[in-house]
Every structure is written in structure tokens, then in C-alpha cells.
Amino acid sequence: MRLQHLTLILIGIVFTIGLLGATAPVFAAPAAATAAPGPVVTAALPPGPKAPPSGAAIAQTCAGCHGTEGQLKSAAFMPLAGMPKAQLVQAMHDFRSGKRPATLMRHVAEGFSDAEIDAMASYFAKVKPE
Ligand code: HEC
């Protein structure tokens with residue numbers, strides 16, 4: 001009788017361990033599933049190449065003073081439309097370095113990289129002066 005009890009208990013223990021073993025992954029699965037999306041999503045988005053600067057978009061920052069599309073009827077600010085690319089690039093670099101004295105343009109030019117200056121110069125060179 002005692003041996004039978006022991007056997008039953010042992011069977012019970014083995015069965016319980018077996019059940020736990022079988023169910024554990026089931027309970028663990030949702031936790032793993034909820035934890036997974038974070039790293040999986042970031043891993044799925046490799047750092048893409050930086051988009052090249054858009055000259056037309058950057059040119060909008062000049063519009064306030066030089067007129068939209070670099071067109072300005074007033075002579076207070078030089079129109080940028082149709083300015084040869086090399087001339088605009090040179091002017092921006094000289095403003096940025098302080099080589100060319102300026103009231104405002106040094107601060108403006110300091111905000112742009114070489115690539116951005118190149119892009120906006122290409123854009124303004126293509127705009128036909130009115
Ligand atoms: C806050 C007003 C302002 C903004 C914004 C501005 N400029 Fe100017 N710009 C000036 C002024 C004023 C001058 C005359 C030089 C000086 O005193 O700074 C000038 C001069 C220039 C010149 C020299 C023109 C020539 O005939 O040699 C160039 C080139 C130029 N700006 C390009 C730009 C570009 C490109 C942008 C946009 C990224 C820009 N500017 C934005 C005010 C501005």
C-alpha cells in the first residue's frame with residue numbers, strides 16, 4: 001500500500017514535471033513574442049545612405065532676404081537667380097570663413113555644409129532671372 005502510494009506520488013511528480021516542461025515554452029512564448037519586436041524592427045531598418053541635399057529646399061531659407069527663387073526686384077539684396085554656380089559657391093565659402101565681410105551672410109553661410117552649398121548653387125544657377 002505504501003509502495004503503491006510512493007509510486008503514485010512519483011508518477012505524479014514525473015507527470016507534473018513533464019507537464020511543466022511541455023507548458024513552459026507555451027507560457028514563455030508570448031513573453032518572447034512581445035519582447036521580440038523592438039530589436040527585430042530596428043534590425044530590419046539598416047541605416048540607409050543619407051539623402052543628398054535638395055538645392056530647391058535649401059533655397060527656401062534664402063527666400064526671406066533674396067526673394068523667392070532668388071528673384072528680387074529691389075536692389076537691397078542681390079538676386080541669386082542665374083548666378084553662376086562657381087560664383088555662388090565661392091561667395092558662400094568666403095562668407096563662411098569670414099574672408100568676405102558681411103553683415104548677415106556669415107551667419108547664414110555658417111549653417112551650411114559644402115554639399116549643401118553645392119546643391120543650392122546648382123539650383124540657383126538653373127533659375128532664370130526675370
Ligand atoms: C537674413 C537675410 C539673408 C538671408 C536669409 C540670406 N542672405 Fe544672402 N545676403 C544677405 C545680405 C545682407 C547680403 C549682403 C552681404 C552682407 O552684408 O551680409 C547677402 C549677400 C549674398 C550673396 C552675395 C551676392 C553677390 O552679389 O555677391 C550671396 C551669394 C548670397 N547672399 C547667398 C545667399 C544664399 C545662398 C542664401 C540662402 C542659403 C542667403 N544668401 C540667405 C542677406 C541674406
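In this predicted model, the ligand occupies the largest pocket; a molecule is taken to sit in a cavity or pocket if more than half of its atoms lie within 2 Å of its grid points. A pocket is defined on a 1 Å grid over the protein atoms alone, as an open set with protein on both sides within 12 Å along at least five of seven lines, whereas a cavity is a set of points where a 1.4 Å probe fits but cannot get out. Residues count as lining when they have an atom within 4 Å of a point. The model is predicted, with local features requiring pLDDT of at least 70 and side-chain atom pairs counted only at pLDDT 80 or more, while totals for chains, interfaces and linings use all residues. Residues are numbered from 1 along each chain as its sequence is written, and side-chain values use heavy atoms, with hydrogens and water left out.

The largest pocket holds about 490 Å³ of space, the volume being that filled by probe spheres set on grid points joined across faces, edges and corners. Its lining comprises 23 residues, of which His66, Met78, Leu80, Phe95 and Met105 are the closest to its centre. By residue class, the lining consists of 18 nonpolar, four polar and one charged residue; Ala, Val, Leu, Ile, Met, Phe, Trp, Tyr, Cys and Pro count as nonpolar, Asp, Glu, Lys and Arg as charged, and the others, Gly among them, as polar. Helices H3, H4 and H5 each supply at least two residues of this lining, and H4 makes the greatest contribution, with five residues. Helices (H or I, at least four residues) and strands (E, at least two) are DSSP runs, numbered from the N terminus.

Around the ligand itself are 20 residues, and Cys62, Cys65, His66, Thr103 and Met105 come nearest; a residue is near a molecule or strand if one of its heavy atoms lies within 4 Å of it. This shell divides into 16 nonpolar, three polar and one charged residue. At least two shell residues come from each of H3 (55-66), H4 (85-97), H5 (105-109) and H6 (114-126). H3 gives the most to the shell, with four residues.

Polar contacts to the ligand were assigned to pairs of N or O atoms within 3.5 Å; within protein, one atom must be able to donate a hydrogen and the other to accept it, and residues adjacent in sequence count only if both atoms are side-chain atoms. A polar side-chain atom of His66 lies 2.7 Å from a ligand nitrogen atom. Oxygen atoms of the ligand are approached by a polar side-chain atom of Thr103 at 2.6 Å and by a backbone N or O atom of Leu104 at 2.9 Å.

The protein contains six helices and zero strands, giving the pattern α-α-α-α-α-α along the sequence. Of its 130 residues, 22% are buried, where buried means under 20% relative accessible area, exposed over 50%, and partly exposed in between (1.4 Å probe, protein chains only).

Several residues bring together segments distant in sequence. Leu88 belongs to helix H4 and counts as buried because its relative accessibility is 4%. The C-alpha atoms of Leu88 and Met120 are separated by 8.7 Å, although these residues are 32 residues apart along the chain.

Within helix H6, Phe124 is classed as buried because its relative accessibility is 1%. Phe124 lies 8.0 Å from Gly55, C-alpha to C-alpha, across 69 residues of sequence. Tyr123, also placed in H6, is buried at 17% relative accessibility. The C-alpha separation between Tyr123 and Ser54 is 8.6 Å, with their positions 69 residues apart in sequence. Ala115, likewise in H6, is partly exposed, with a relative accessibility of 42%. The C-alpha atoms of Ala115 and Pro53 are 7.0 Å apart, and the two residues are 62 residues apart along the chain.
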